[in-house]
Amino acid sequence: MIRPDLSLPIPESIEAAHFIGIGGSGMSGLAQMFLARGIRVSGSDRADSAALRALADAGANVHIGHDAAHLGDADTVIHTGAIWPENPEFVTAKERGMPVIHRSQALHWLIGDRPLVSVAGAHGKTTSTGMIVTALQELGADPSFVNGGVIAQLGASSGPGTDDLFVIEADESDGTFALYNTSVALITNVDPDHLDHWGSEDAFFDGFVNFADGARDAVVISSDDAGARRVRAALSHSNVTTFGTADDADVRLSDVVTEGPVSFTLSVGAEAADIRLSIPGVHNAVNAAGAVAVLIQLGYGLENAARAVTGFTGTIRRFELHGTERGVSVFDDYAHHPTEVAAALAAARSVVGDGRIIAVHQPHTYSRTQLMSREFAQVLEQYADHTVVLDVYGAREDPIPGVTGELVSSAFVDSAHVRYVSDWQEAAEYTAAVAKDGDYVITLGCGNVYQIIPQVLHALALSGS
């Protein structure tokens, strides 16, 4: 992993940008924004993907695999923190003395001095960002946006708007959310994570305090999350709006009904609005409350803001249905932290009816698996009827001896509810054998676990023939 050096100067002008790791959800969206600005774009990634093909169709010069020759005539190199320091494009650009900046710095350059809504938090920020963007469009606005995931109804993770306003998902994992000149900061929750970067929980919380206090106009923050309350208590900002179920929340959530698409009431003072979303889960009701609170800070009334968020249909890889075979529905969700896994499975529980939930869990990174295997086991055992645990998706990390998916499965209290299967084909066949008509299978993880879904659907089809 390459830690971003935010002290590096950002070029005043960029005419040709090369993206290392261009196929990622955040990087591909950023590259699309550069193309829309009229900047020549090239880039590379380790494997082909739909994102690469879309960029190529839009005019980018994309490459599969990394090679110094791919730099071409670029005047600036943009990278993610997930590449290796030995990446030949990264090394060569440094040797040539080219400007080499982190993607957050490139986004900072793209935003310029425009008013900015930054959405941060350990969980829910991609959905919350999508809700704000689509609600603003419903209200007649046209903001530019860069999100960490594809917004389903827009089919894109980014888009150039005609208004001055910019809306982004701001990343706390590496501290880069502090770089932006935020006007309105939304903090969905503050659940300690990414301590490999921050070093301690105190430093993690201090990062959120500094991010929020740096907002020019307003801070919107959860009233319910324990970590958010700790941050709220430390803020010196003069304009803070809270949202959630707490009695003293400024935007108060109540009367939540979770069967099917979630419905609820939002209250601001004596005014109230009833909302029914198109997506399930109490966590999405909370996300909507935060989005509405932001819209109010931007000058919209409660009634209009509440109406506008109802049109949001979700983001790709958030409880996304991929297919149904033999009466078994197969979903995918990006959840890769115990809190996120609990929320995703609780949402599935609210709509599965009499069916069961079978989780296919791919642990993400060796360090998180080593640190949180028991927490993952606890929520999986609590919320799923049966769990299939795959091996660890290492991402940017080298393996840690003894750290495999078996750490999670062995932490279950009742071993009858879990099976560790390292081979994907065997895992797909086992999942199909366990699943019954009316069940939901849901893959969980932010690695490549979604790629097992065709194998699961095929195995289900074969088992029913």
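Accessible areas here come from the Shrake-Rupley method with a 1.4 Å probe, and for residues only the protein chains shown count as cover. This is a predicted model, in which local features need pLDDT of at least 70 and side-chain atom pairs count only at pLDDT 80 or more, while totals for chains, interfaces and linings use all residues. Residues are numbered from 1 along each chain as its sequence is written, and side-chain values use heavy atoms, with hydrogens and water left out.

**Figure 1. The whole protein, with its 15 helices and 21 strands.** Helices (H or I, at least four residues) and strands (E, at least two) are DSSP runs, numbered from the N terminus. With a radius of gyration of 22 Å against the 23 Å that the globule rule gives for 465 residues, the protein is as compact as a globular protein of that length. (That radius is taken over C-alpha atoms, and the rule is 2.2 Å times the number of residues to the power 0.38.) The C-alpha atoms fill a box of roughly 60 × 60 × 40 Å along the principal axes. About 18,300 Å² is exposed, and carbon and sulfur atoms supply 47% of it. Of the 465 residues, 57% count as buried; buried means under 20% relative accessible area, exposed over 50%, and partly exposed in between (1.4 Å probe, protein chains only).

**Figure 2. Helix α3 (residues 88-96) and what covers it.** Glu89, Phe90, Thr92 and Ala93 are the buried residues of this helix. Their cover includes strands β1 (16-20), β2 (40-45), β4 (76-79) and β5 (100-102), where contact means heavy atoms within 4.5 Å. Look at the start of α3 for Asn87, where a side-chain oxygen comes to within 2.9 Å of the backbone nitrogen of Glu89. That's a polar contact: a pair of N or O atoms within 3.5 Å, where, within protein, one must be able to donate a hydrogen and the other to accept it, and residues adjacent in sequence count only if both atoms are side-chain atoms. After the helix comes Gly97, with a positive phi near 75°.

**Figure 3. Helix α14 (residues 424-434), seen from its buried residues.** Ala427, Ala428, Tyr430, Thr431, Ala432 and Val434 are the ones tucked away as buried. Among the elements covering them are β18 (357-361), β19 (386-389), β20 (418-420), β21 (440-444) and helix α15 (453-463). At the start of α14, Asp423 puts a side-chain oxygen within 3.2 Å of the backbone nitrogen of Gln425.

**Figure 4. Two buried helix residues, Gly29 and Lys125.** Gly29 sits in helix α1 (residues 25-36) and counts as buried because its relative accessible area is 2%. Beyond its neighbours within four places in sequence, Gly29 is in contact with Ser157 and Ser158. Lys125 belongs to helix α5 (residues 125-138), and this lysine also counts as buried, at 11% relative accessibility. The Lys125 side chain reaches the backbone oxygen of Gly121 at 2.7 Å. Again setting aside neighbours within four places, Lys125 is in contact with Val119, Ala120, Asn147, Glu169, Ala170, Glu172 and Thr188.

**Figure 5. Positive phi outside glycine, at Asp255 and Thr365.** Asp255 has a phi near 55° and is found in strand β13 (residues 251-257). At 59% relative accessibility, Asp255 counts as exposed. Thr365 has a phi of about 70° and lies in the loop between β18 and α12 (366-383). Thr365 counts as buried, at 2% relative accessibility.
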